[in-house]
Amino acid sequence: MQVGLIGLGKMGSNMAERLRRDGHDVVGFDPQVESRTVASLDELVETLTAPRVVWVMVPSGEPTRATVRDLGDRLSAGDVIVDGGNSRYTDDREHAAALVEKEIGYVDAGVSGGIWGLENGYALMVGGEPEHVQLAQPIFDSLKPPGEAGFVHAGPVGAGHFAKMVHNGIEYGLMQAYAEGYELLTATDVVDDVPGVLRSWTQGTVIRSWLLDLLVLALDADPELAEITGWVEDSGEGRWTLDEAINNSVPMPVIAAALFARFGSRQQESPAMKAVAALRQQFGGHAVKAVAEGHAETPA
């Protein structure tokens with residue numbers, strides 16, 4: 001099958017390679033990379049045979065919005081745009097509504113697999129009208145992992161990215177739990193081989209997972225994680241998940257705590273914890289650490 005792919009970064013280039021390995025003709029465009037097949041959107045559209053399927057793999061937000069608008073001005077009735085980035089599901093609904101008058105289909109595809117997807121396949125959660133999903137189905141079949149699992153037509157437009165949003169929120173909680181367990185293991189002198197303990201958990205335990213495997217790999221490369229800082233960014237999906245939890249009165253204390261822990265990782269000095277220290281000093285005379293000396297001081 002022929003497919004246009006816009007965005008040839010780490011994920012996009014690996015997806016293009018996986019599709020080519022499975023016999024698809026990938027027409028790639030990215031103004032930032034030399035490996036592109038065509039030099040412009042116009043050339044991409046001209047190269048593809050109708051009905052066209054164009055997969056957009058660019059950063060979420062305005063870059064995706066602009067790309068979808070530009071494609072809407074160039075594609076024809078019967079063509080389909082697939083957004084494989086991490087767009088918010090509300091953006092998907094706006095895109096589909098803008099394209100429907102032109103009879104251009106729109107499918108949102110939540111994609112999970114990261115840099116390992118080239119060899120292992122990508123988990124795909126898609127939303128859209130059945131006929132639009134069906135047109136792109138050979139592409140989904142080649143990108144997903146082998147076997148029956150790994151792909152779902154989750155519902156109408158927006159359902160794919162909504163499912164991926166919740167997936168990423170869960171990911172926040174799982175990562176935080178592993179991280180806290182790792183910290184406790186390293187905080188005492190009870191366990192001599194912390195990486196070995198984590199490795200032992202990867203087989204036969206109820207907490208084994210691919211994330212745990214990746215943590216073991218990270219510790220193999222850097223046993224004390226001395227080469228990285230504790231600064232952790234968030235790309236938005238955790239926040240969106242909590243927004244929807246609030247809108248639907250769904251309690252999500254674990255995911256909320258994991259997101260707030262990421263915020264805390266970016267503070268060199270926490271104003272909130274300074275206030276806690278000051279309060280403990282005021283009501284109980286508890287020791288505080290002076291900024292200059294860096295040691296505990298007890299008030300007279």
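Select Glu237 and show what lies around it: setting aside residues within four places in sequence, Glu237 is in contact with Asn86, Met165, Asn168 and Tyr172. Keep in mind that the model is predicted.

Stay on Glu237 and look at Asn86. The side chains of these two residues are joined by a polar contact of 3.0 Å. Now colour the helices. Glu237 belongs to helix H10, which covers residues 237-247.

Is Glu237 buried or exposed? Glu237 is buried, and it has no salt bridge. Select Lys164 as well: this is the nearest side chain of opposite charge, 4.9 Å away. A salt bridge needs the nitrogen and the carboxyl oxygen within 4 Å, so this pair does not count as one.

Next, select residues 105-112, which form strand E5. How many of the eight residues of E5 are buried? Eight of the eight are, so the strand is mostly covered under the cut-off of 20% relative accessible area.

Turn on the side chains of E5. Gly105, Val107, Ala109 and Val111 point one way, while Tyr106, Asp108, Gly110 and Ser112 point the other way. Residues of both groups are buried. In a regular strand, side chains alternate between the two faces of the sheet.

Add residues 80-83, strand E4. E4 and E5 pair in the parallel sense, over four bridges. To find a matching point, select Ile81, which stands opposite Tyr106 in E5. Then add residues 89-100, helix H4: together E4, H4 and E5 make a right-handed β-α-β unit.

For another partner of E5, select residues 123-127, strand E6. E5 and E6 run antiparallel and are joined by five bridges. Here Ala109 stands opposite Val126 in E6.

The remaining stops concern the backbone. Most residues other than glycine have a negative phi, and most peptide bonds are trans.

Select Ala50 and Pro51. The peptide bond from Ala50 to Pro51 is cis, with omega near -5 degrees. Pro51 sits in the loop between helix H2 (41-47) and strand E3 (53-56).

Move to Leu225, in the loop between helix H9 (210-221) and H10. Leu225 is not a glycine, yet its phi is positive, at about 50 degrees. Its relative accessibility is 24%, so Leu225 counts as partly exposed.

Finish at Ser249, in the loop between H10 and helix H11 (253-265). Ser249 also has a positive phi, near 55 degrees, in a residue other than glycine. Why does Ser249 count as exposed? Because its relative accessible area is 67%, and exposed means over 50%.

Conventions: Residues are numbered from 1 along each chain as its sequence is written. This is a predicted model: local features need pLDDT of at least 70, side-chain atom pairs count only at pLDDT 80 or more; totals for chains, interfaces and linings use all residues. Side-chain values use heavy atoms; hydrogens and water are left out. Helices (H or I, at least four residues) and strands (E, at least two) are DSSP runs, numbered from the N terminus. Buried means under 20% relative accessible area, exposed over 50%, partly exposed in between (1.4 Å probe, protein chains only). Lys and Arg count as positive and Asp and Glu as negative; His and the chain ends are not counted. A polar contact is a pair of N or O atoms within 3.5 Å; within protein, one must be able to donate a hydrogen and the other to accept it, and residues adjacent in sequence count only if both atoms are side-chain atoms. Contact means heavy atoms within 4.5 Å. Two strands pair if DSSP finds at least two bridges between them. A crossover is right-handed if, with the strands pointing away from the viewer, the path from the first strand over the helix to the second runs clockwise.
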